[in-house]
Amino acid sequence: MSNWYRHMLQSPETASRIPVWMMRQAGRYLPEYRAIRQQHDFLDMVYTPAIAAEVTCQPIERYGFDAAILFSDILVTAQALGMALRFSDGVGPQFDIPIRTGDDVARLQVVSGWLDPIYETVERVISRVSPQTAVIGFAGAPFTVASYMIEGRSSAQLPHTKRLMMTDTRLFETLLDHITDVTIAYLVGQCRAGVQALQLFDTWIGTLDWPSCERFSAHYIARIVRALREQGCDQPITVFGKQTSVFYPLYEAAGVDVISVDWNGDLGRMDAVLRRGMGLQGNLDPHYLYGSKSQIQARVQAICESVPSHRPFIFNLGHGLMPDIPTDAVQWVVDAVRAYQRPVVTV
Ligand code: CP3
C-alpha cells in the first residue's frame with residue numbers, strides 16, 4: 001500500500017484515492033486527548049516528546065488519516081526568540097509583555113536549544129506510525145506569529161499590528177526578519193528530524209489588503225521556501241491562511257507546492273487559473289461536521305469532484321476542527337473521501 005499523500009503530490013494523475021487529514025486533528029474533540037490534557041498543561045505537552053508524540057498519533061490510530069501533523073503550536077518560534085508565552089483556558093495564547101516598541105524588538109534573542117524537544121517528537125512519531133502515514137511538520141508564518149507577539153493574544157482585527165505596520169514599517173519588517181530566521185532554522189531542524197512535508201500557517205492574512213499581503217506575508221513565505229531549498233530540504237511546502245482563496249496568486253508566485261484553501265473559495269474556479277502542478281488542499285467548512293451524514297457526504301463528494309485528476313489534491317478542512325465536533329462526523333468525512341474514486345488520467 002502506498003503513502004497516498006506522497007503519491008498524490010508526485011503523480012496526481014495516477015492517484016485513484018484522495019489523501020485526507022484535518023487541521024487540528026489532534027485536539028479537544030477527542031476524548032483520548034482530553035484524558036491526557038486533564039493531567040498536563042498544554043505547553044508541557046508540546047515540550048514533552050513522549051506526550052506530544054502520543055497525542056500526534058491519537059487521530060491516526062482512531063481514523064487512519066493519511067498524514068500525521070506534529071502536535072505543537074505556531075507560537076513556539078516566538079518562545080524561541082525569548083517571549084514568555086502562556087495558555088489560559090477560555091483565552092488561548094497570551095504574551096503578557098507584547099511587542100510594541102523598538103526596544104521590545106531589540107530584546108529578542110534566539111534561545112539556543114529551545115526547539116530541540118520538538119525534533120525529538122518528530123523522530124518518535126516517525127518511528128511509531130506506519131510508512132503509509134506522511135508526517136507533516138509545521139510552523140507559523142512570520143506575519144501571523146508577529147501578530148500574536150504584537151497583540152499579546154488572539155484578536156480579530158489586529159489593531160496594534162496594523163498600526164505598527166503603518167507607523168513604523170521598518171520596525172515591523174525587522175520583527176518579521178527575526179521570526180523568518182528562526183522559522184527557517186526550525187523547519188530545517190524538522191526536515192533533518194525526518195518530516196516528509198511542511199505546512200506554514202499564516203492564519204490571519206484575511207486582515208490584510210493585497211499589497212500588504214504581498215509585502216508582509218507572501219514575501220516572507222517566499223524567503224522561507226528559498227532558504228529551505230538552498231539548505232537541501234526538498235519536502236513539499238503547503239501554505240494555509242484564512243483567505244488564501246483570495247490571495248492564492250501571491251502564494252503561487254512565492255513558490256509553495258500546495259495552497260490550503262479556506263472554506264470561502266471554490267476549488268474548481270481556482271483550478272482554472274492555477275499553474276499546472278500547483279497542489280490544492282482544503283476546503284470543507286468544519287461546521288458541516290455538525291450536520292447529518294448525508295449533508296457531509298454530499299459536500300465531500302462535491303469538493304472532490306471540483307478538482308480535476310491532473311492536479312494534486314489533499315482533502316482537508318477550510319480551518320481547524322472545533323472542540324465540540326462529534327467524533328463520528330470526522331469518521332463520516334474520512335469514509336466519504338475514501339469512497340470517492342478519483343478518475344485516473346490516461347495519457
Ligand atoms: O492537530 C493539529 O492541527 C496539530 C497541532 C496544532 C495546534 N495548533 C495544537 C493546539 C497546530 C497545527 C496548531 C496551529 C495553530 N496554533 C494556529 C494556526 C492554525 C489555526 O488554527 O488557525 C494558531 C493560530 C495557533 C494559536 C493557538 N493555539 C490558539 C489561538 C489556540 C487557542 C484556541 C484553542 O483551540 O484553544 C491554541 C491552542 C491549541 N493549539 C490547542 C491545540 C490542540 C488547544 C489547547 C488545549 O488543549 O487547551
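**Around the ligand and along strand β8**

Let's start at the ligand: one of its oxygen atoms sits 2.6 Å from an N or O atom in the side chain of Y33. Keep in mind as you look that this is a predicted model. Y33 has company here, since T203 also brings a side-chain N or O atom to 2.9 Å from an oxygen atom of the ligand. Then there's H319, with a polar side-chain atom 2.6 Å from a ligand oxygen. How much of the ligand does the protein bury? On its own the ligand would expose 860 Å², and the protein buries 89% of that.

Zoom out a little and you can count 24 residues around the ligand. The ones that come nearest are R24, R28, Y33, D73 and H319, so two of the side chains we've just met, Y33 and H319, turn up again in that group.

Now move over to strand β8, which spans residues 279-284. Is β8 mostly covered or mostly open? Mostly covered: six of its six residues are buried. Strands β7 and β9 both pair with it, so let's take them in turn.

Strand β7, residues 258-261, pairs with β8 in the parallel sense, over four bridges. If you want a spot to find that pairing on screen, look for I259, whose bridge partner in β8 is L280. To get from β7 to β8, the chain passes through helix α13 (residues 267-273), and the resulting β-α-β crossover is right-handed.

On to strand β9, residues 313-317: β8 and β9 run parallel and are joined by five bridges. Here Q281 is a handy marker, with I314 as its bridge partner in β9. The link this time is helix α14, residues 293-305, which carries the chain from β8 to β9 in another β-α-β crossover that is right-handed.

Last stop, the cysteines. How many disulfides does the structure hold? Zero. C57 is in no disulfide, and the nearest cysteine sulfur belongs to C191, 19 Å away. C57 counts as buried because its relative accessibility is 0%. C191 is in no disulfide either, though for this residue the nearest cysteine sulfur, that of C233, is 3.8 Å away. A disulfide calls for sulfur atoms within 2.5 Å, so the 3.8 Å between the sulfurs of C191 and C233 doesn't qualify. C191 is buried too, with a relative accessible area of 9%.

Definitions and conventions:
Residues are numbered from 1 along each chain as its sequence is written. This is a predicted model: local features need pLDDT of at least 70, side-chain atom pairs count only at pLDDT 80 or more; totals for chains, interfaces and linings use all residues. Side-chain values use heavy atoms; hydrogens and water are left out. Buried means under 20% relative accessible area, exposed over 50%, partly exposed in between (1.4 Å probe, protein chains only). Helices (H or I, at least four residues) and strands (E, at least two) are DSSP runs, numbered from the N terminus. Two strands pair if DSSP finds at least two bridges between them. A crossover is right-handed if, with the strands pointing away from the viewer, the path from the first strand over the helix to the second runs clockwise. A residue is near a molecule or strand if one of its heavy atoms lies within 4 Å of it. A polar contact is a pair of N or O atoms within 3.5 Å; within protein, one must be able to donate a hydrogen and the other to accept it, and residues adjacent in sequence count only if both atoms are side-chain atoms. Accessible areas come from the Shrake-Rupley method with a 1.4 Å probe; for residues, only the protein chains shown count as cover.
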